[in-house]
Every structure is written in C-alpha cells, then in structure tokens.
Amino acid sequence: MASSSPSSLLLPLGSSSGKTTKRHGTINVFDKVQGLFDDIAKAAGLPPEDKPRLCDENCEKELENVPMVTTESGLQFKDIKLGQGPSPPVGFQVAANYVAMVPTGQIFDSSLEKGQLYICRVGSDQVIKGLDEGILSMKVGGKRRLYIPGLLAFPKGLTSAPGRPRVAPNSPVVFDVSLEYIPGLEVEEE
C-alpha cells in the first residue's frame, strides 16, 4: 500500500515535508536534485558532471510533472518510461542499466560507465533492498528513478572510489534504472 507522505530520511535538514510551495502549485524537493548539484558546482567554479546518464536534461524537466509514488517501505519512485514487457519474478535474473547517485546528483556508480549491463537475481538479497523492490515492480523496457531511503540502501555505507562521493551508512541514495530484459523470459516476436 502506498502512502502519501515521503520518508523523512530523504528531506533536507529543517524540512517538515517533501514538498515546497511554488507560485502555481506544489513541487517535490527531489525533482531538482540534478539542478541543485549543477548550481553548487557552478558556484564552486566546478564544471557539472559530464558522465553518461539514463535521464538527460529533457528527461529531468519531464520528471517534474511525473507523480511520486511512495511505497509502504518508504521507497519512492517516478517512472521515466513505462515498460511493456513482463515484470521479473522473484529469484529470476535481470539485465539492467543503472546510474547510482548521492542525493546531490553526484554519481558514485554506473553500469553505463562500465559499458555493460548489470545482471543480478532480484528478490534474493544480491542488491540493496530499495533497488530490489524498485526493479521487482518494473516491466521490461521501463525506466525509473528510485529515491531510496537509508534503511533500504547501504546500512554499512560505501567507501568511495577515487573521484567519487562516499555513501555514509544509512544515507539515502538515488538510482536511475532501465530494465532491459529478463534472461529466460524473452518475449518471442510475431
């Protein structure tokens, strides 16, 4: 069952809700993740990150109008593109692309940079809980932004590779994921 209140773990310090009021309606604070990082980088004299992404500038603008879904566990997501294929059964392998970011938008891991699809078995504790939950409800061909609260992310944290941000224990993360196919469940073309 989905709830309407976002997890407080994903809110900026001092915020009481995940929404801010705008002149013509309400927006979710996470709609601006990448834009905020670019503003911070520009103010610090740093160029914005120029790394491959699943969601480009146009996609980011479109996401502003996509409703946020919040699950019972606290996972939040926005569908960038709805898939038309099957959903992965628990225990099956999936082939996906992903871009993993800290909430400021800085990338800490990406299958796109590695140049190969990520293969994992879903529902089998091979990936973090929020990623498992987010992928299990997708359909092949879909693309989704996951806002994963700390308790569903990296309980022990993640050490950073050179030039990458560190993920502190139980801190929220953001994943853009595209579900490419499910080995063994390929749909035959007619």
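Is Y118 buried, partly exposed or exposed, and what is its relative accessibility? In this predicted model, Y118 is partly exposed, with a relative accessibility of 32%, because the partly exposed class spans the range between under 20%, which is buried, and over 50%, which is exposed.

The structure contains four aromatic pairs. In one of them, Y98 and Y118 adopt an edge-to-face arrangement, with ring centres 5.5 Å apart and an angle of 80° between the planes. Y98 belongs to strand β5 (residues 93–101) and Y118 to strand β7, so the pair ties together parts separated by 20 residues in sequence. Y98 itself is buried, at a relative accessible area of 8%.

A further edge-to-face pair is formed by F108 and F154, with a centre-to-centre distance of 6.0 Å and 80° between the planes. This pair links distant parts of the chain, 46 residues apart: F108 is located in strand β6 (residues 107–110), whereas F154 is located in the loop between β8 (143–148) and β9 (173–181). F108 is buried, with a relative accessible area of 11%, and F154 is likewise buried, at 14%. Together with F175, the residues Y98, F108, Y118 and F154 make up one aromatic cluster.

A contact between a charge and a ring involves R144, which lies over the face of F77 at 3.8 Å from the ring centre.

On the surface, L117, I119 and Y181 form a nonpolar patch with a combined accessible area of about 230 Å². Of these residues, I119 lies in strand β7 (residues 118–121) and is partly exposed, with a relative accessible area of 40%.

Methods:
Residues numbered from 1 in each chain as written. Predicted model: local features only at pLDDT ≥ 70, side-chain atom pairs only at ≥ 80, totals over all residues. Heavy atoms only, no water. Patch = residues over 30% accessible without salt bridge, like charges linked within 9 Å, V, L, I, M, F, W, Y side chains within 5 Å. Areas by Shrake-Rupley, 256 points an atom, 1.4 Å probe, with all protein chains shown as cover. Salt bridge = Lys/Arg side-chain N within 4 Å of Asp/Glu carboxyl O. Helix = DSSP H or I, 4+ residues; strand = E, 2+ residues; numbered from the N terminus. Buried < 20%, exposed > 50% of the residue type's maximum accessible area, 1.4 Å probe, protein only. Phe/Tyr/Trp six-rings, centres within 6.5 Å; stacked < 30°, edge-to-face > 60°. Lys NZ or Arg CZ within 6 Å of the ring centre and 35° of its normal.
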